[in-house]
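I opened a fresh page for this chain. My plan is to look up a handful of features and write each one down.

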Amino acid sequence: SVKAGSGVDPEGGMPIANLLKEAGLVSSTSEALRMIKQGAVRIDGETLIESGAICHWLADRFPDRALAPPLADPRRARYEQWMFFVPATLEPPAFEILLHTAILPEKHRVEAIVPFARKGHRRVLRMLAEELDHDGYLLGENFSCADIMLGTTLTWLPEQLEDYPPLLAYTERVTSRPACQRAMAPIDQTA
């Protein structure tokens, strides 16, 4: 069962609410939003405050959806690598760029941080462009929860992808999937 907890929801709850409803863990997106606005999601007695942890849990909880390789599968190590790579390596410079160009009030922005963050972000994007210079996903032909994490994070700064055609194509593959479209759709808070 899913119950409200305490903590901080760093993403405002929107995609998570749709995912929780689609997984059948709540009866409505409005129920999920109420829980998330309280700061966390309780799943099977555990409080989760991080979207990556929620995605990871959902992938393992519903193995029939094939969003994560089984533990004994040789691809599992690469899957785990990418699940951690997104919040540990890709998100920090992207968030710094957003923070100091759009999120913070102008008087609190530190312009000197932005070039340094852009340099780090470009370094990560170059590496990802090499990794994804094919027509598949992080694990080859198999779409996984790691692709959900990476593909949606790459949408934070779409203008930064213009010099990386493989990332533009990859992001389009991920975000055009029907489930991604449903998860990212505006939420009818009365549903």
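Where do Trp82 and Phe85 lie, and how many residues apart are they? I found both in helix H4 (residues 76-103). They are three residues apart, about one turn of the helix. I note that the model is predicted.

**Aromatic pairs**

I looked for ring pairs across the structure and got two. The rings of Trp82 and Phe85 have centres 5.0 Å apart and planes at 75°, so I logged this pair as edge-to-face. Tyr137 and Phe143 form an aromatic pair that is also edge-to-face, with 5.2 Å centre to centre and 80° between the planes. I then checked burial. Trp82 is buried, and Phe85 is buried too. Tyr137 is buried, as is Phe143.

**The chain as a whole**

I stepped back to the full chain. I counted eight helices and three strands. Read from the N terminus, the order of elements is β-α-α-β-β-α-α-α-α-α-α. The chain has 191 residues, and 46% of them are buried.

**Salt bridges**

How many salt bridges does a search of the whole structure find? I got four. I took three of them in turn.

I began with Arg76 and Asp60. Their side chains meet in a salt bridge at 3.1 Å, N to O. Arg76 lies in helix H4 and Asp60 in helix H3, so the pair ties together parts that are 16 residues apart in sequence. Is Arg76 buried or exposed? I have Arg76 at 6% relative accessibility, which counts as buried because the cut-off is under 20%. Asp60 has a relative accessible area of 38%, and I logged it as partly exposed.

Next I took Glu80. It forms a salt bridge with Arg76, and the closest N and O atoms are 2.8 Å apart. Glu80 and Arg76 both sit in helix H4, four residues apart, about one turn of the helix. I then joined the bridges that share partners, and Asp60, Arg76 and Glu80 came out as one network.

My third bridge was Arg75 with Asp73. Their side chains meet at 2.7 Å, N to O. Arg75 is partly exposed, at 29% relative accessible area. Asp73 stands at 19% relative accessibility, so with a limit of under 20% I entered it as buried.

**Positive patch**

Which residues gather in a patch of positive charge on the surface? I listed Lys119, Arg122, Arg123 and Arg126. I placed Arg126 in helix H5 (residues 113-131). Its relative accessible area is 44%, so Arg126 goes down as partly exposed.

**Backbone at Ala66**

I checked the backbone for an unexpected sign of phi. Most residues other than glycine have a negative phi. Ala66 has a positive phi of about 55°, although it is not a glycine. I located Ala66 in the loop between helix H3 (51-61) and H4.

**Contacts across the sequence**

I then looked at two C-alpha pairs whose partners are apart in sequence.

What is the distance in space between Trp156 and Ala94, C-alpha to C-alpha? I have 7.5 Å, with their positions 62 residues apart in sequence. Trp156 is found in the loop between helix H6 (145-154) and helix H7 (165-175). At 29% relative accessibility, Trp156 counts as partly exposed.

The other pair is Asp147 and Val174. They are 27 residues apart in sequence and 6.9 Å apart in space, C-alpha to C-alpha. I placed Asp147 in helix H6. Is Asp147 buried or exposed? I noted a relative accessible area of 0%, so Asp147 is buried.

**Recap for helix H4**

I gathered my entries for this helix before closing the page. Trp82 and Phe85 both lie in it. Glu80 and Arg76 both lie in it as well. Arg76 also bridges to Asp60, which lies in helix H3.

Technical notes: Residues are numbered from 1 along each chain as its sequence is written. This is a predicted model: local features need pLDDT of at least 70, side-chain atom pairs count only at pLDDT 80 or more; totals for chains, interfaces and linings use all residues. Side-chain values use heavy atoms; hydrogens and water are left out. Patches are made of residues with over 30% relative accessible area and no salt bridge: like charges are joined within 9 Å, nonpolar side chains (Val, Leu, Ile, Met, Phe, Trp, Tyr) within 5 Å. Accessible areas come from the Shrake-Rupley method with a 1.4 Å probe; for residues, only the protein chains shown count as cover. Lys and Arg count as positive and Asp and Glu as negative; His and the chain ends are not counted. The place of a charge is taken as NZ of Lys, CZ of Arg, CG of Asp or CD of Glu. Helices (H or I, at least four residues) and strands (E, at least two) are DSSP runs, numbered from the N terminus. Buried means under 20% relative accessible area, exposed over 50%, partly exposed in between (1.4 Å probe, protein chains only). Rings of Phe, Tyr and Trp (its six-membered ring) pair if their centres lie within 6.5 Å; planes under 30 degrees apart count as stacked, over 60 as edge-to-face and the rest as tilted.
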